[in-house]
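This report looks at how the helices pack, how the domains meet and what surrounds the ligand. The structure comes first.

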Amino acid sequence: MAHIVIMGAGIGGVPMAYEMREEARKEDKITVVSNNPRFHFVPSNPWVAVNWRKRDDIEIELKPVLAKKNIDFIDTGVKRVHPEKSQLELNDGSTLDYDYLVIATGPHLDFDAIEGLGPHGGHTQSICHVEHAANASKNWEAFCADPGPVVVGAVQGASCYGPAYEFAAIMDTDLRRRKIRDQVPITYVTAEPYIGHLGLGGVGDSKGMMESIMRNRHINWITNAKVDKVEAGLMHVTEFNDDGTEKKKHELPFKFSMMLPAFRGIDAVMGIEGLTNPRGFITVDKHQRNAKFPNVFAVGVCVAIPPVGPTPVPVGVPKTGYMIESMVTATAHNIGNLLRDKQADQQATWNAICLADFGDSGAAFVALPQIPPRNVNWFSEGRWVHLAKIAFEKYFLRKIKKGTSEPVYEKYVLKALGITKLKGQVTPKVPADGI
Ligand SMILES: Cc1cc2nc3c(=O)[nH]c(=O)nc-3n(C[C@H](O)[C@H](O)[C@H](O)COP(=O)(O)OP(=O)(O)OC[C@H]3O[C@@H](n4cnc5c(N)ncnc54)[C@H](O)[C@@H]3O)c2cc1C
């Protein structure tokens with residue numbers, strides 16, 4: 001019998017547990033350790049922040065659903081990983097030994113890197129966690145009763161740009177529905193060197209299309225931007241030229257602001273030599289396995305992936321749903337093989353497929369592989385994306401409740417986009433104007 005422990009119960013961790021149950025032997029024990037008794041569907045957080053969803057709509061109590069699949073669950077959280085002892089130190093002082101560990105703890109949100117940033121004592125809202133989004137929704141209602149300027153975007157070192165664009169457009173849609181859009185100047189502030197870069201060096205004509213979308217929605221923007229500090233109602237931003245020299249200082253007044261922070265690794269792994277890079281992301285090989293501690297694997301946002309190239313202001317690479325799903329499938333297969341004295345041989349396809357909702361329409365992009373030049377480089381806009389995102393939310397929540405292990409993107413999204421084969425040659429049949 002082997003004990004496989006999964007640390008983290010988010011978009012990566014819970015599917016990891018289900019797929020591991022399928023790949024492990026009957027006698028193997030699987031335990032999930034999280035610091036939260038509930039799963040929440042992170043991509044729906046922007047909807048919670050404008051009150052289109054309640055947090056209960058997108059949260060699931062984990063213990064009963066995992067128990068149905070014979071998976072143990074501990075919700076005390078991990079204080080420190082001790083990989084040299086194959087042991088976790090939990091927040092309640094107890095310890096947990098493992099034979100294999102999968103780290104799926106997502107990011108630590110680095111609000112502290114910028115004075116005045118974030119919802120804990122700072123002046124900006126967040127949509128990264130459902131709790132933040134629920135708090136933001138109260139501020140949103142107060143703001144709508146007394147509107148003014150909005151500043152929205154992603155700070156230097158951020159790696160998650162899709163949700164920043166989504167939230168800018170969702171606010172625009174919500175304000176138009178409330179018939180107060182004319183009272184709200186919106187400025188999008190981003191570390192990206194141009195609109196539509198997305199941390200991926202652009203996808204298809206994402207630059208032209210996203211600029212057009214922003215213009216149509218009357219959203220102004222500042223790119224190559226570094227947020228210096230945030231005061232109550234005022235954001236201090238420095239804009240840089242493409243050669244890295246300073247272009248202009250901005251003082252942006254706001255009545256409501258949401259800025260995505262930079263991510264780093266969680267404290268429980270920070271500084272463990274051989275396990276993490278300097279920012280605390282887990283270093284893994286092509287089989288999702290750590291080189292120094294070969295019984296440790298990692299999936300999701302906590303994995304170290306280098307940026308696509310240098311930019312005047314630091315810009316990270318997004319780790320999105322499809323990439324996470326393929327990391328999960330490869331890891332479950334590889335641990336399954338090791339349990340049977342075979343080699344870890346499956347690789348994740350680190351490609352990006354993303355649906356960004358704009359409230360009444362949306363944008364979809366497919367970047368295969370993630371780093372240009374690519375075999376598939378496709379970007380499209382339409383109402384179908386908004387509907388697809390709602391369908392995806394419903395499907396994913398049902399999957400978590402039911403304990404199904406099927407990979408969503410492999411089974412449905414790729415097929416819907418006409419991408420039939422991912423290993424080796426990619427065969428895209430993506431229609432010009434979407435599905
Ligand atoms: C607002 C937002 C919207 C997004 N929308 C999309 C989208 O539409 N499509 C897309 O493809 N991607 C999207 N992403 C990107 C990505 O899919 C998500 O960030 C996703 O949640 C990452 O999954 P994860 O499992 O790596 O981390 P998470 O889902 O954040 O899960 C991390 C888990 O680890 C737990 N944890 C943390 N610390 C500890 C500890 N010390 N001990 C134990 N457990 C711990 C947490 O409680 C949580 O359960 C979005 C990201 C954000 C922030």
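Helices α1 and α7 are roughly parallel to each other, because their angle falls in that class (angles under 35 degrees count as roughly parallel, over 145 as roughly antiparallel, 65 to 115 as roughly perpendicular and the rest as oblique). The model is predicted: local features need pLDDT of at least 70, side-chain atom pairs count only at pLDDT 80 or more, and totals for chains, interfaces and linings use all residues. Residues are numbered from 1 along each chain as its sequence is written. Helices (H or I, at least four residues) and strands (E, at least two) are DSSP runs, numbered from the N terminus.

**Helix packing**

Two packed helices are described by the angle between their axes and the distance between the axes. Axes are lines fitted to C-alpha atoms, for helices over the stretch in contact, and angles run from 0 to 180 degrees between N-to-C directions. The table gives both values for two pairs that involve α7.

| Helix pair | Angle | Axis distance |
|---|---|---|
| α1 (13-23) and α7 (321-339) | about 30° | 9 Å apart |
| α7 and α9 (408-416) | roughly 140° | within 10 Å |

The angle in the second row makes α7 oblique to α9. On α7, this contact uses Gly-321, Tyr-322 and Glu-325; on α9, it uses Val-408, Tyr-409 and Val-413. Residues are in contact if their C-beta atoms, placed from the backbone, lie within 7 Å. The α7 and α9 contact holds 4 nonpolar residues, 1 polar and 1 charged. Here Ala, Val, Leu, Ile, Met, Phe, Trp, Tyr, Cys and Pro count as nonpolar, Asp, Glu, Lys and Arg as charged, and the others, Gly among them, as polar.

α1 passes α7 in a right-handed crossing (the near helix is turned clockwise from the far one by less than a right angle; anticlockwise would be left-handed). From α1 come Pro-15, Met-16, Glu-19, Met-20 and Glu-23. Among their partners in α7 are Glu-325, Val-328 and Ile-335. By class, this contact has 6 nonpolar, 4 polar and 3 charged residues.

**Domains**

There are two domains: domain 1 (3-109 + 264-348) and domain 2 (111-262). Their bounds come from an automatic or database domain assignment. The C-alpha centres of the domains lie 29 Å apart. In the interface, 22 residues of domain 1 touch 42 residues of domain 2. Helix α2 (45-49) gives the most to the domain 1 side, with 4 residues. That side has 13 nonpolar, 6 polar and 3 charged residues.

**Ligand shell**

Which residues are closest to the ligand? They are Gly-8, Gly-10, Gly-106, Gly-300 and Gly-321, within a shell of 34 residues. A residue counts as near if its C-beta atom, placed from the backbone, lies within 6 Å. The shell has 19 nonpolar, 15 polar and no charged residues. α5 (162-177), α7 and β20 (352-357) each supply at least two of its residues. Both domains give residues to the shell, so the ligand lies between them.

**Backbone details**

The peptide bond from Leu-368 to Pro-369 is cis, with omega near -10°. Pro-369 sits in the loop between β21 (362-368) and β22 (376-381). Ser-86 is not a glycine, but its phi is positive, near 50°. Ser-86 lies in the loop between β6 (78-82) and β7 (87-90).

Notes:
Contact = placed C-beta atoms within 7 Å.
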